[in-house]
Amino acid sequence: MMSPFLISDMLLPVWVSIKLASITTLCLLLFATPLAYWLAKPSRGNVAGRIKILLMGIIAMPLVLPPTVIGFYLLLLLSPSVGIGQWLIEHNISPLVFTFEGLVIGSIIYSLPFYIQPVYAQFLRIPQSVMEVASLLEPSRLRRFIKIVLPQARIGIILGGLISFAHTIGEFGVVLMIGGSISGETKVVSIAIYEQVEALNYEAAHLISGILIIMGIIMVALIAAVSRLNQRP
């Protein structure tokens with residue numbers, strides 16, 4: 001039988017994954033929601049439309065590229081020798097590779113299309129007549145967005161948040177490349193399972209996997225319930 005210390009040590013990666021998924025989802029709610037709204041708005045002119053198409057293509061890259069490819073280029077970008085990492089070193093700021101903050105950046109990029117798609121689709125469902133009336137009642141764009149647009153898109157926002165949270169919980173390739181396996185800092189649940197299997201410690205792998213399966217069932221049930229609400233007229 002496993003000791004309580006060993007059990008608590010194995011539960012630590014679960015907590016790191018939950019914390020990572022929560023912070024990533026919160027960041028997407030704050031920053032990706034306005035982006036999805038801007039993408040869904042009718043474009044004024046061909047240039048703006050082409051920019052939106054290009055940006056949507058870039059956002060969708062995690063859907064078609066292997067996670068290790070994204071993780072590799074993020075590792076290069078954040079490393080102390082080039083890119084953002086070099087700029088941080090020059091300004092006496094700690095580099096982001098192999099840190100929890102680096103994991104958050106990688107998770108936001110990798111989970112961005114999973115959040116953007118349902119929110120973007122929900123913004124498209126808002127009738128144009130509602131937006132025209134809203135512009136007459138509320139001249140401020142910010143207040144109009146907060147008071148009228150966001151409530152109209154709440155189902156898509158909730159759905160996007162649930163999907164991105166569940167997706168972040170199961171990340172492996174990206175977080176392994178830029179975070180490594182630092183206990184309590186960057187070792188997420190998927191990496192912990194991989195390490196236990198490599199060590200032939202199947203009992204521990206079963207325990208951690210069982211927790212992940214239970215969380216997955218709960219998330220799938222919530223996503224299905226919200227999707228059913230979204231299908232109502």
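Begin by selecting Glu 171 together with Ser 107, Tyr 110, Ser 111, Val 188 and Ser 190, the residues that Glu 171 contacts once neighbours within four places in sequence are left aside. The model on the screen is a predicted one.

**Stop 1: Glu 171 and its surroundings**

With this group displayed, locate Glu 171 in the loop that joins helix H9 (154–169) to helix H10 (173–179). Which side chain makes a polar contact with the side chain of Glu 171? The partner is the side chain of Ser 111, at 3.3 Å. Glu 171 is buried but takes part in no salt bridge. Add Lys 19 to the selection: its side chain is the nearest of opposite charge, and it is 14 Å away.

**Stop 2: the whole chain**

Now zoom out and colour the chain by secondary structure. The protein chain contains twelve helices and zero strands, so the order of elements from the N terminus is α throughout, because only DSSP helix runs are present to be numbered. The C-alpha trace spans about 65 × 45 × 30 Å along its principal axes. Of the 233 residues in the chain, 39% are buried. Among contacts between residues at least 6 apart in sequence, 70% join residues at least 24 apart. A surface display shows an exposed area of about 13200 Å², with 70% of it supplied by carbon and sulfur atoms.

**Stop 3: Val 14 in helix H1**

Select Val 14, which is placed in helix H1 (residues 4–40). Is Val 14 buried or exposed? Its relative accessibility is 8%, so Val 14 counts as buried. Show next the residues that Val 14 touches beyond four places in sequence: Val 189, Ile 208, Ile 211 and Met 215. A distance may also be drawn from Val 14 to Tyr 110, a residue already seen among the contacts of Glu 171. The C-alpha atoms of Val 14 and Tyr 110 are separated by 19 Å, and the two residues stand 96 places apart along the chain.

**Stop 4: helix H11**

Val 189, one of the contacts of Val 14, leads to helix H11 (residues 189–198). Select the buried residues of this helix, which are Val 189, Ser 190, Ile 191, Ala 192, Ile 193 and Gln 196. Ser 190 was met at the first stop as a contact of Glu 171.

Select Glu 195 and Lys 187 next. The side chains of these two residues meet in a salt bridge, with 3.1 Å from N to O. How many salt bridges are counted in the model? The count comes to one. Side chains of opposite charge can pair when their charged atoms come close. Glu 195 has 27% relative accessibility and therefore counts as partly exposed, whereas Lys 187, at 18%, counts as buried.

**Stop 5: Thr 186**

Move to Thr 186, in the loop between H10 and H11. Thr 186 counts as buried because its relative accessibility is 0%. A polar atom of the Thr 186 side chain lies 2.6 Å from the backbone oxygen of Gly 179. Beyond four places in sequence, the residues touched by Thr 186 include Phe 98, Thr 99, Phe 100, Leu 103 and Ile 191. Ile 191 is one of the buried residues of H11.

**Stop 6: two residues with positive phi**

From Thr 186, pass to its contact Phe 98, which is placed in the loop between helix H5 (83–90) and helix H6 (100–125). Phe 98 is not a glycine, yet its phi is positive, about 60 degrees. Most residues other than glycine have a negative phi, and most peptide bonds are trans. At 41% relative accessibility, Phe 98 counts as partly exposed.

Which residue with a positive phi follows H11? Select Leu 200, whose phi is near 60 degrees. Leu 200 is in the loop between H11 and helix H12 (202–230). Its relative accessibility is 61%, so Leu 200 counts as exposed.

**Stop 7: a nonpolar surface patch**

Finally, select Leu 54, Ile 58, Met 61, Leu 63, Val 64 and Leu 65, and show their surface. These residues make a nonpolar surface patch of about 540 Å². Helix H2 (46–59) and helix H3 (61–64) each supply at least two residues of this patch. Which element gives the most to the nonpolar patch? Helix H3 does, with three residues. Leu 65 is located in the loop between H3 and helix H4 (67–78). With a relative accessibility of 30%, Leu 65 counts as partly exposed.

Methods:
Residues are numbered from 1 along each chain as its sequence is written. This is a predicted model: local features need pLDDT of at least 70, side-chain atom pairs count only at pLDDT 80 or more; totals for chains, interfaces and linings use all residues. Side-chain values use heavy atoms; hydrogens and water are left out. Helices (H or I, at least four residues) and strands (E, at least two) are DSSP runs, numbered from the N terminus. Buried means under 20% relative accessible area, exposed over 50%, partly exposed in between (1.4 Å probe, protein chains only). Lys and Arg count as positive and Asp and Glu as negative; His and the chain ends are not counted. A salt bridge is a side-chain nitrogen of Lys or Arg within 4 Å of a carboxyl oxygen of Asp or Glu. A polar contact is a pair of N or O atoms within 3.5 Å; within protein, one must be able to donate a hydrogen and the other to accept it, and residues adjacent in sequence count only if both atoms are side-chain atoms. Contact means heavy atoms within 4.5 Å. Patches are made of residues with over 30% relative accessible area and no salt bridge: like charges are joined within 9 Å, nonpolar side chains (Val, Leu, Ile, Met, Phe, Trp, Tyr) within 5 Å. Accessible areas come from the Shrake-Rupley method with a 1.4 Å probe; for residues, only the protein chains shown count as cover.
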